[in-house]
Amino acid sequence: MSLLGEPELTEDGEFVINIGPQHPSTHGVLHLKVWLDGETIKKVQPHLGYIHRSIEKMSESLSYRNFIFATSRMDYLSAHINNEACALTVEKGLGIEAPPRAQAIRILMAELTRLSSHQLWWGCMGLDLGAVSPFFYGFRERESIMEVMEETCGARLTQNYMVPGGIMYDIHPNFQNRVKNVLKQIKENFKEYDDLLTGNVIFEGRTKGVGYLSPEDAISYGCTGPTARGSGVSCDVRKWFPYDGYDKLQFNEILETGGDCYARYMVRMAEMRQSVRIIEQMIDNIPEGDFQTKTKAVLKLPKGEFYQRVETARGELGVYIVSDGAASPYRIKYRSPNFSNLSALEHMAKGAKIGDLVAIMATIDLVIPDVDR
Amino acid sequence: MTTEELKLSVATLFPAATFDETGEFLNVMVNLPEFRNVMKTLRHNSELSFDSLFCLTCIDWKTHLMMVYHMISKQHRHVLVIKVKLDNTVKPEIETVCDIWKTANFHEREVFDLFGVNFKNHPDMRRIMLDDNWDGFPLRKNYVDENMISL
Amino acid sequence: MSLLLTIGFGPLATAIHNWVTASISNATGALATEMVIVGISLLLFLVPLCFFLGYMERRVAGFMQMRLGPNRVGPQGTLQIVADTVKLLLKEGLTPDASDKFLFNLAPIIVVVTSMLVLAPIAFAKDFQIWDISIGVLYMASVSSISVIGILMAGWSSNNKYSLLGAMRSGAQIVSYELSVGLSLITIVIFTGSLRMSDIVNSQADGWWIIKGHIPAIISFVIFVIASTAEINRAPFDLAEAEQELTAGFHTEYSGMKFAMFLLAEYINLFIVSAVAATLFLGGWMPFHIGHWEMFNHIMDFIPSSIWFMSKTFLIIFIIMQFRWTFPRLRVDQLLNLEWKYLLPISMFNILLVTVCAIMGWYF
C-alpha cells in the first residue's frame, strides 16, 4: 500500500498523513504534514504558500492609496483593522492625523470587526470539535454585524473603508441605531454561547490541558493576540502602543494563565465582551466634524522608514514601509499575526492526538491568506 | 529605558555599532562579523533583555541587501532595530538567530524564500511559500517574471 | 375503532401464515414463501423508515440550529430525501484504483446485511415479530457486532490513510462499547429470567421495567443509551467518521450507492438501538400499565400496540438525535476512558445490584 509513491511508514515506524491543503478543519489551504505514532503526533510540519499572492511585491508597484485594498484580502476576517494599520502607517509618514470623528468611527468599525471575527471563530471552534450547532449560533450575530457593515461600507467581508487621512465616506444615518440593536442582541446571546459550549463537560475535556504554550515560548515564538494572552503574556497593542485614541477608552486587556486551548478560548470569549464595552462607550459619542483630513491627490511619503502596529482579531499586525520618496512604497512588509502564531503550532501539537491538533488549530484561529500573504 | 539611555548602553557594549535616529525607533547598524554576538547579548543582557523579535525582514537596496530586525523587550518596554548590511548580493549569507528567538525560524525561511539570503546553521533552510524548484527570488528588485501581468 | 383493534398486525400475520400453510402443502416451500414475504415487507418497511429518519434528522437539526431544514421539495420538504436518494443512485460508484476491489465492494453489503439481521427478533406489535427466537437478546448482541468487520473492511480496503485511521478507531470503539451494551441488556434479562423478546415484553404487562426495576434499571437504561450511541458511531462518538479530523473516516472513498448503503445502515442501526431500548426498558409494544389499575390499563389498551412501540422508539431516536446536534466530539483516548473507567465498572456494579434486587424480590 502506498500513496503518491511514499512509503506507508517511515523508518521509525511512524505513519505520515497529509492534513490539507483540502481538509475540513484547516480553514483554508493550509497543508500540514503530520508524523503519527498511532494517534499520537510526533511531528507537524506546516507547508505554506498555497495562497501566496506576494502582496508585498504587488504593493511595491501600487500607489499609497491603492495598496491598502490588497490588505483586505490578507486577514479577510479583520479587513477593517488591516486597512486601518496601513492608513495609520501612511498617516505617520505624512505626519498627519485623522480627525476625531474618523478616529471614533475607525474604533467602532475595528471593534465590530473583532466581534464578528470572534463570533465566526466561536462557531468554527465548535464545529472543529464536532459540535455543529454553535456554527449557526455564531453566524447569527455575525450576520447582523455584516448587515451594519454592508450599509455603511458597501461591503460585507473585504471592506475598504479606511483611507489615509480618515475614512472614505461618512457613516450611514442608520448606523448608530443599528449598532445599538446589534449590541442588545449580542449581549442577550452571550449566555447562549456559554450554555452551548463553555460549560460542556466534553468541551472542557477536549480543551483543558491541550496544546500548552508557556509564556516564555509564546514570547519566543512571537505569538501575539489571544494566543499569547491565553498564556498570560501581555501584548495588547491597544494598551501598549495606543493608536486612534484607544488610550481614552475604558477596557481591559484580557489575560488568562492557563496556556491551553481552554485559556485561549476564554480570552476570546472575554474579548468579545470588552469589544461590546468599547462600542458602547463610543456609539453615542461620535464627535461631529470632518471624517477625512485633506490630503494631496498623489501621496508621497518622505524618505525613511515607518512602522505601525495594530491589534487585529488575531494579534499584532505590523506594517513596515520603507520609502524612497516616490509615489509607491519601496519595500513594504506585513508582520502578520498568524504567520508567527502558526510557527508555534508544531511546539504545541507535539505529543497530542489528532483531535487535539484540530482543537489547537481552532484556538490559534488561523486565517491562511494572512499566513501566506 | 529611553532612547538616549538605550543608545548609551548599546554604544558601551558594542563600540563598533553606528546609530541612526531619524525614524521612530533607534536604529543600530551592526557589522556582519559581530552580528551574532550582538544579538545574543541583546537577548540575554538583563538590562536590555530583548525577548521578543517582532519583525524580521530584508530590504533590497540594489547595491546591497539590508537585514532588519525589530525587537522589543516585554520587561523594559523598549524597542530597538538592528540592521545588518549584506554586501554580497549574489550569495548573501548571515548567521541565524532562530536559536535565540524561535519566531526567527519561519521569518528567516521567508527571507530565504523571497530574497535568497542564506541563514547559516538554520535547522530547516527550505523555501516556505514558493515551490522548491522556483527560479529566482521574487522580492529582489532585479527579479523579472516573464509571466507577470502588469496591472 | 374496534375494527382497527381486531385487524391488528398480530392477527394479520397469523392470517397470512394460515393462508400460506393452507395453500402450499410442502412445509419447506411454505417456509420459503413466508421468508420471501417477510423479506419484501421488511424492505418495504425499511426504505420509507430510513427516508423518514433522514428527513427527521434534518428537521431536528434545523430545529436545534434555528433554521428550517429542508422545506422546498414536496410538502414541507418531505420529498427532499427522495431526491437525494435518486441523486445517490445516479452517481457513479467510484472504486479507487489502488483499493482491494472485492473487499471494498463487499464492505457496505456486510454493514447493511448485519443491521437488517438484527431486526429479526424485534417485536413491532403484539404477536408481530419476524422470529421469536429463544435467545433473542443474545442473538442481537452477537449479530450486531459483525458490523465492525464491515467497517474495518471498508477502512482497510480503501487504501486511504484517513480511512484506515477511522476504521481502527471504530474497531477499538465498537469492541469496547459492546461490553457495556451487553451488560446493560443482562440487567433486564436477570429481572425477566428469559432471553426471549416476547417473554421480556409480556413481563412488563404490569409496568415497564424502567419503573418496576427502579434504580438498577434506570442506571442500565442510561448506560445502554450512551453505549449504544457509541456502538452505532453517532455523534458525540462518531470518531470513525470524525469529519473535522479524518474528513469522513472509513467511508471517505465511498460514493454513490455504496455510500448510501452506509447511510442506510446507520439509520437502521439507529432504529434498532432505539427499538431495543424501547422493548427492554419501556415495554416494547406493551401499553402503559400500572399494576392492578384494571380500568386505567383497559383504557390504555385501546391505543394499538404498534403505535405504542413506534412512539417509544421515536422518543429515543429523538433523544439520540439531540445528542448529535448538541455535544462536541470526544477524543479517542477520552472515548476509551469513558468506557473502561466509567461505564464498564458502573455496569459491573449494576449487575451485582440487580442480582441482589432480583433474588431479594426488591422490585415491583
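Buried, in these legends, means under 20% relative accessible area. The views below come from a predicted model, so please read them with that in mind.

**Figure 1. Chain A in overview, with 64% of its 373 residues buried.**
Let us begin with the whole chain. Chain A is built from 15 helices and 8 strands. Its radius of gyration is 21 Å, close to the 21 Å expected from the globule rule for 373 residues, so chain A is as compact as a globular protein of that length. Measured off along the principal axes, the C-alpha atoms fill a box of roughly 65 × 50 × 35 Å. Among contacts in chain A with a separation of 6 or more, 70% are between residues 24 or more positions apart. The chain exposes about 12,100 Å², and carbon and sulfur atoms supply 52% of that area. Its side chains include 41 positive and 48 negative ones, and the centres of these two sets lie 5 Å apart.

**Figure 2. Helix 14 of chain A, a mostly covered helix.**
This view follows residues 354-364, and 11 of the 11 residues in the helix are buried. The buried run starts with Ile354(A), Gly355(A), Asp356(A) and Leu357(A), and continues through Val358(A), Ala359(A), Ile360(A), Met361(A), Ala362(A), Thr363(A) and Ile364(A). In an α-helix there are 3.6 residues a turn, so residues three or four places apart point the same way. Here, with 11 of 11 residues buried, the cover extends to every residue of helix 14. Just after the helix comes Asp365(A), whose phi is positive, near 60 degrees.

**Figure 3. Aromatic pairs in chains A and C.**
A search of the whole structure finds 36 aromatic pairs over all chains. One of them joins Trp240(A) and Phe241(A), with 6.3 Å from centre to centre and 45 degrees between the planes, a tilted arrangement. Trp240(A) has a relative accessibility of 12%, so it counts as buried. Phe241(A), at 29% relative accessible area, is partly exposed. For a second pair, turn to chain C: the ring centres of Phe124(C) and Phe271(C) are 6.4 Å apart and their planes meet at 10 degrees, so this pair is stacked. Phe124(C) sits in strand 1 (residues 123-125) and Phe271(C) in helix 13 (residues 256-281), so the pair ties together parts of chain C that are 147 residues apart in sequence. Both Phe124(C) and Phe271(C) are buried. Back in chain A, ring pairs link Trp121(A), Phe203(A), Tyr262(A) and Tyr265(A) into a cluster.

**Figure 4. Thr103(B) and its contacts with chain A.**
Thr103(B) belongs to the loop between strand 6 (93-95) and helix 3 (104-115) of chain B. Is this residue buried or exposed? Thr103(B) has a relative accessible area of 1%, so it is buried. Leaving aside neighbours within four places in sequence, Thr103(B) is in contact with Ser220(A), Tyr221(A), Gly222(A) and Ser340(A), and also with Leu53(B) of its own chain. Of the 2 pairs of chains that touch, chains A and B have the most contacts.

**Figure 5. Chain B, with 3 helices and 7 strands.**
Following the sequence, the elements run α-β-β-α-β-β-β-β-α-β. The radius of gyration of chain B is 16 Å, which agrees with the value near 15 Å for a compact globule of 151 residues. Its C-alpha atoms fill a box of roughly 50 × 30 × 30 Å along the principal axes. Of the 151 residues, 51% count as buried. Among contacts between residues at least 6 apart in sequence, 50% join residues at least 24 apart.

**Figure 6. Chain C, with 16 helices and 2 strands.**
At 21 Å, the radius of gyration of chain C is close to the 21 Å that the globule rule gives for 364 residues, so chain C is as compact as a globular protein of that length. The C-alpha trace spans about 65 × 55 × 45 Å along its principal axes. Of the accessible surface, about 16,200 Å², 74% belongs to carbon and sulfur atoms. Chain C and chain B do not touch, and their nearest C-alpha atoms are 25 Å apart.

Conventions:
Residues numbered from 1 in each chain as written. Chains lettered and ligands numbered in written order. Predicted model: local features only at pLDDT ≥ 70, side-chain atom pairs only at ≥ 80, totals over all residues. Heavy atoms only, no water. Helix = DSSP H or I, 4+ residues; strand = E, 2+ residues; numbered from the N terminus. Rg over C-alpha atoms; globule rule 2.2 N^0.38 Å. Areas by Shrake-Rupley, 256 points an atom, 1.4 Å probe, with all protein chains shown as cover. Contact = heavy atoms within 4.5 Å. Buried < 20%, exposed > 50% of the residue type's maximum accessible area, 1.4 Å probe, protein only. Phe/Tyr/Trp six-rings, centres within 6.5 Å; stacked < 30°, edge-to-face > 60°. Lys, Arg positive; Asp, Glu negative; His and termini not counted. Charge placed at Lys NZ, Arg CZ, Asp CG, Glu CD.
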